[in-house]
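Work through the exercises below with the sequence and the 3D view at hand. Try each task before you read its solution.

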Amino acid sequence: MGKLSHADVVHLLLQLSIMLLVGRLLAEAARKFKQPAVIGEIIAGIMLGPTVLGMINPEWFQALFPVPSTSATILSGFVQVAVVMLLFIAGLEVDLHIVWQQGRQALGTSLFGLIIPFFIGFIFPYYFPDFFGIADTHQHLVFALFMGTAMAISALPVIVRILMDLNIFKTRMGLLVVTSAMIDDVIGWIIFSVILSMIGKHSGAMSIGYTISVTITFVVVMLTVGRGLINKALPWVNKKMAWPGGVLSLSLALCFLGAALTEFIGIHAIFGAFIIGVALGDSEHFSERAKEIVHQFINNIFAPLFFVSIGLRVNFIVNFDWLLTLTIIVIAFAGKILGSGLGTRLGGFSWRESFAAACGMNARGAMEIILGLVALEYGLINERVFVSLVIMALVTSMSSGPLMKWLLKR
Amino acid sequence: MLFSGVNTRFHKIGLAVAFSPTAMALLAEADRLARLFSAELILIHVGKRNPSEEEKMDILLKKTALIGQCKIVWREGKPEKEILNACHEENIDLLVAGALKKENMVQHYVGSVARTIMRKAGCSVYIANNPSITPKPIQQIVVNAEDSPHIEQAIATACQLATLENAPWIHVVRELKLLGLTLSANSQYTEQEYNESKQEMMREEITAVEKILATIPHPKTKINIKMVSGKSGFELCKFVERKQADLLVVGAPPQRLSLFDRIFPHDLEYVFADLPCNLLVVNLQKENYGQA
């Protein structure tokens, strides 16, 4: 194992400390305005990064976050691990039990909420790739597919929070929205993994047929055999090992193992972590308390590091393109509200309720940002598109609650 | 007897009987239930009717002193299908059958006769997983109060049984869905807000159960409302085992459970897969619903 210099250690610890501290302070400020913590954490990154600190005092910024440096490389490793863990808890949040319980009714809603935004998000970038800032003109189709996926995905935690604030979480509509969002997330991440494999960052692009079959096989095996094995192992872990150490270690070990496996077979690591999360979260032996601990550990330590790091790597002023941002926001709203609205209406709700549910589904939150960051790292999108996607994620997350409240109160 | 506007009384009790080692015990259990509800007992046997089979049946009935006391329906064909058809034709309200606590893996996925009856019966089903030749009164009853179209029927039936059996306690179990709270609590709630939200959620669930109980008479029986969180069905089984209950009463599944539900188990599928005690699946037919 390599050794860090004394200065690198100090630097790294200082970076982590400042990121967590400023991230927490601004997350608390966001909380005061009844907004998700992620909004405060992104703003913290923007303030600490090239956008604000780098503009006001470039020397300080360079001193605090020097690039290139060993500490920057290690920080990047931390962020990579954080993304994997965030997808892992996103998987834990997918409650297959609720999906099967509500699935038949929710399938229509979720498919409309997925297909229509995907189609609208695909068609415009496909015909106007230059306007949308395609990074690699050889990846025309893949780029359009990515934009479609980015429009189709939704942010379950934001949706759940809104539904709870409105006290409609346990109503028929609340469960329908949550289940649809879960189904959309699972399908959305499968599509995204296929898209990433089509680019082939390391070992060359895979054929679409091969990618789809590998991805589907992985999902089926993990959710049947893998889930069965987890179900057999967990009672033993709960009984014989220290709590919560045993279950926490096993959870994260499985998360990294799944991530490594998918990365090895050519699908992105985050997909492996996501599916392991789904399989583990579905086990009846994985208690609510254990889930809570894993959530708290990742959400309060690794998630802030990841979201603050977003603002550190991109200059939000230099890369801000208002027309592109506005277009992406309009497409995001139009696709999701139309698609999910129609889907919910077909589920037997009034138009007003259907559009309220669609506004809830419109929240993109953290998932959109992770999706955008991975696409940026793969060279699929440029920084302009990334900034627009982040802003779209924030706008949709912030507007979902008030819009839903307004529609339901009318 | 009318409980909460729901006619919970079973007028016709059917027993799916085969010449198995537990046949006598099952007959004794069914006979006891029939006496308890003052119901007519009908035996359903799937197998070719010939003198030798008839003789076996006579011997069985003589041993339990039921000979000439009950009607016997003979059917030929696939057991589960014929039993369910016979129930429909004979207008049976409650079907009694025996079942193993847990099936082997192949049987679990393929589906045994008893499990198919639990999943698909159009009437209420009483499953005895450990029948006794000298059955004892039911003392500890657990009832599942999960949101379902049959929740009121299930609670009313449990209360009626408890009254008839002089059972001192009924444990009403309801699931507290913490999913939303866990998700939204992360970095969003203070500890106090989190605890208050949890308390509020719990209060709402208890009130929902109390509302149902207020319409159902349970004069001598004490009610314990228990909230559980986790996978519903699985947590219910754990609670039943902890309480060493004699009977678990559940409402029939709102939709037919299929192989898919066995691969990805949820709710009642956990109960059906590994019976924690005797089970009563309440499914009062529509024509009886609300009638005296």
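Five exercises follow, on a model that is predicted.

**Exercise 1. Check the span of helix 12 of chain A against its number of residues.**

Solution. Start with the residues: helix 12 of chain A holds 13, from 269 to 281. The expected span is 1.5 Å times one less than the number of residues. That gives 18 Å for this helix. Now take the end C-alpha atoms: they are 18 Å apart, so the two values agree. Last, look at the surroundings. Helix 12 of chain A is mostly covered, with 13 of its 13 residues buried.

**Exercise 2. Find the cis peptide bond that involves P244(A), and place this residue in the chain.**

Solution. Most peptide bonds are trans. The bond between W243(A) and P244(A) is cis, with omega about 5°. P244(A) sits in the loop between helix 10 (208-240) and helix 11 (245-265) of chain A.

**Exercise 3. Decide whether N91(B) and Q244(B) are exposed or partly exposed.**

Solution. Begin with the backbone. Most residues other than glycine have a negative phi. N91(B) has a positive phi, near 55°. For Q244(B), phi is also positive, about 50°.

Next, locate them. N91(B) is in the loop between helix 3 (79-90) and strand 6 (94-98) of chain B. Q244(B) is in the loop between helix 9 (234-243) and strand 11 (247-251) of chain B.

Now count C-beta atoms within 10 Å. A residue with 12 or fewer others is exposed, and one with 20 or more is buried. N91(B) has 14, so N91(B) is partly exposed. Q244(B) has 10, so Q244(B) is exposed.

**Exercise 4. Describe the largest nonpolar core and say where it lies.**

Solution. This core has 146 residues, and L86(A) and I159(A) touch the most other members. Helix 9 (residues 172-199) of chain A gives the most, with 17 residues. Domain 1 (6-72) and domain 2 (80-409) of chain A both contribute, so the core lies between them. Then follow L86(A): beyond its sequence neighbours within four places, its contacts include I298(A), F302(A) and I370(A).

**Exercise 5. Work out how strand 12 of chain B is covered and which strands pair with it.**

Solution. Strand 12 of chain B spans residues 278-282, and five of its five residues are buried. N278(B), L280(B) and V282(B) point one way, while L279(B) and V281(B) point the other. Strand 7 (residues 124-128) of chain B joins strand 12 by three bridges and runs antiparallel to it. Strand 11 of chain B pairs with strand 12 in the parallel sense, over five bridges. Finish at L279(B): I127(B) stands opposite it, and L248(B) is a bridge partner of L279(B) too.

Conventions:
Residues numbered from 1 in each chain as written. Chains lettered and ligands numbered in written order. Predicted model: local features only at pLDDT ≥ 70, side-chain atom pairs only at ≥ 80, totals over all residues. Helix = DSSP H or I, 4+ residues; strand = E, 2+ residues; numbered from the N terminus. Core = buried A, V, L, I, M, F, W, Y, C linked by C-beta atoms within 7 Å. Domains from an automatic or database assignment. Contact = placed C-beta atoms within 7 Å. Pairing = 2+ DSSP bridges.
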